[in-house]
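Q: Hey, I'm new to this one. Can you walk me through it, starting wherever you like?

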Amino acid sequence: MTSAIELAAAVRRGDTTATSLAEGALAAIAAGDGAINAFLHVDAEGALAAARRVDAAVANSEDPGPLAGVPVALKDNLCTRGVPTTAASRILEDWRPPYTATVVDRLVGAGAVPVGKTNLDEFAMGSSTENSAYGPTRNPRNHARVPGGSSGGSAAAVAAGMVAIGLGSDTGGSIRQPAALCGVVGFKPTYGMVSRYGLIAFASSLDQIGPLARTVADAAVCLEVIAGHDPRDSTSLREPAPSLVDALHDGVQGKTIGLVRELVDGSAPDVEAAVAASAVTLRDAGATVIEMSIPELRLGLSAYYLIAPAEASSNLARYDGVRYGLRVDADDLTAMNVATRTKGFGDEVKRRIMLGTYALSAGYYDAYYGRAQRVRTLLSRAFAVAYGRADLLLGATAPTTAFELGAKTTDPMAMYLSDVFTIPSNLSGDPAMTVPFGSGADGLPVGVQLLGPARSERLVVAAAQVLEDAAPS
């Protein structure tokens, strides 16, 4: 498949048009999405209008930007003015935001052409995209398997060749885990590097937006486009977007990479074998690979499932049937609020709201939420010590390849364990990237994960490019 960088270059040269690329993407969606359900809304009119603007710029000898004419998919928790944005929840059914997320504006400003909004676990709460109120997404590699979650729709759209790039959000692994299960690249940047303005909040201290793409280079150029300070986001880093594309071929010569036991233990044998093979690849490319243990990472899952639901409980209190979204009429305000939230939220969202409300309640705050935050600090300090020994860390992205639809829906803990390797870097706020590296015994993709300290995206993409260049077919 042609990369996003190659497509943009062809549009800028006049070898093809943005309109033809948009028409091709829309045709691919029409032909293939019925079996996959990656998209919740296809914006054909908006896509063609955006494409025509790119073509007009080219005709006027103007440079539309580094993503000129590239079809992109947006996870449906990214607000787009006037376009349905539901977060895959009935409570926001048919809601059309009055504003657009910063990342979407930046994509369009770089010449990209958004073609639609993709499916996700409701409010990004899940690991399989089975929690969507609008039906599950299926893995393009095997329709009986999940695509991962919560950004499963974006991962599936990229893996199926419908678009070149997708945007997702990553609160506990929701970019990286579906990327690994679908066999694409997924990149979670440093917390604050990409504006969250216009992202429908799940857990505000953990949420981060990033790209899913077919190549490391495409993910790098997309992150360059969407990163950088935004005064509308109080957590946005006050620094420009990093230069990543020129770091792609820096290699890993002289770097030290830590193979972390806790980011591999418990994974399936074929996943463990892929991680071991990726370590050999990095060593052959000139890196020193050392085995490391960070015991504190084992506490990450427990801390996350107190902190994230607590923040979700607070963030989702705004869906009350009064201001916007679904409203179920009742005899009084309290009954209306209860009826609206009962009908509007799915089971997993309700589960996390209840868990989070309990963790924040009087008499339990210190024992649960407060303690989880102390564990988070402990984990961040452990990462800092590890980065004193190694430039980057290496591990598995997900414990297994894509599992069967329905296999874990009745066992929340089994589902939560799907993110055991990705959650730690959300708690620390550090960047991490998953790269496809061969297949498992079932023929489905395996992803390996590179983690770095804050603001180390250049190191991450350089090492990721080494892995991509040597990845088994």
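Q: Is Arg 327 buried, exposed or partly exposed?
A: Arg 327 is partly exposed, at a relative accessible area of 48%. Buried means under 20% relative accessible area, exposed means over 50%, and partly exposed is in between (1.4 Å probe, protein chains only).

Q: And what does its side chain meet?
A: Arg 327 meets Asp 329 in a salt bridge, 3.3 Å from N to O. A salt bridge here is a side-chain nitrogen of Lys or Arg within 4 Å of a carboxyl oxygen of Asp or Glu. Asp 329 counts as exposed, because its relative accessibility is 64%.

Q: Before we go on, what kind of model is this?
A: It's a predicted model, where local features need pLDDT of at least 70 and side-chain atom pairs count only at pLDDT 80 or more, while totals for chains, interfaces and linings use all residues. Residues are numbered from 1 along each chain as its sequence is written, and side-chain values use heavy atoms, with hydrogens and water left out.

Q: Cool. How many salt bridges are there?
A: The count comes to 16 salt bridges. One of them joins Asp 442 and Arg 145, with the closest N and O atoms 3.4 Å apart. That pair links distant parts of the chain, 297 residues apart: Asp 442 is in the loop between β10 (432-439) and β11 (445-451), and Arg 145 is in the loop between β3 (113-118) and α5 (152-159). Those labels are DSSP runs numbered from the N terminus, with helices (H or I) of at least four residues and strands (E) of at least two.

Q: Is each partner of that pair buried, exposed or partly exposed?
A: Asp 442 is partly exposed at 37%, whereas Arg 145 is buried at 18%.

Q: What does Arg 455 pair with?
A: Arg 455 forms a salt bridge with Glu 239, at 2.9 Å from N to O. This pair also links distant parts of the chain, 216 residues apart, with Arg 455 in the loop between β11 and α15 (457-470) and Glu 239 in the loop between α7 (216-226) and β7 (256-260). Arg 455 is partly exposed at 48%, and Glu 239 is partly exposed at 26%.

Q: Which residues are linked in a salt-bridge network?
A: Asp 246, Asp 250 and Arg 458 are linked that way.

Q: Switching to helices: at what angle do α2 and α3 pack?
A: Helix α2 (residues 18-36) and helix α3 (residues 44-59) pack at about 160°, with their axes 7 Å apart. The axes are lines fitted to C-alpha atoms over the stretch in contact, and angles run from 0 to 180 degrees between N-to-C directions. So α2 and α3 are roughly antiparallel: angles under 35 degrees count as roughly parallel, over 145 as roughly antiparallel, 65 to 115 as roughly perpendicular and the rest as oblique.

Q: And α9 with α12?
A: The axes of α9 (residues 300-315) and α12 come within 9 Å and cross at roughly 125°, so α9 and α12 are oblique to each other.

Q: What's odd about the backbone at Ala 87?
A: Ala 87 has a positive phi of about 55° although it isn't a glycine. Most residues other than glycine have a negative phi, and most peptide bonds are trans. Ala 87 is buried, at 0% relative accessibility. Ala 124 has a positive phi too, about 70°, and is buried at 3%.

Q: Which peptide bond is cis?
A: The bond from Gly 149 to Ser 150 is cis, with omega near 5°. Ser 150 is in the loop between β3 and α5.
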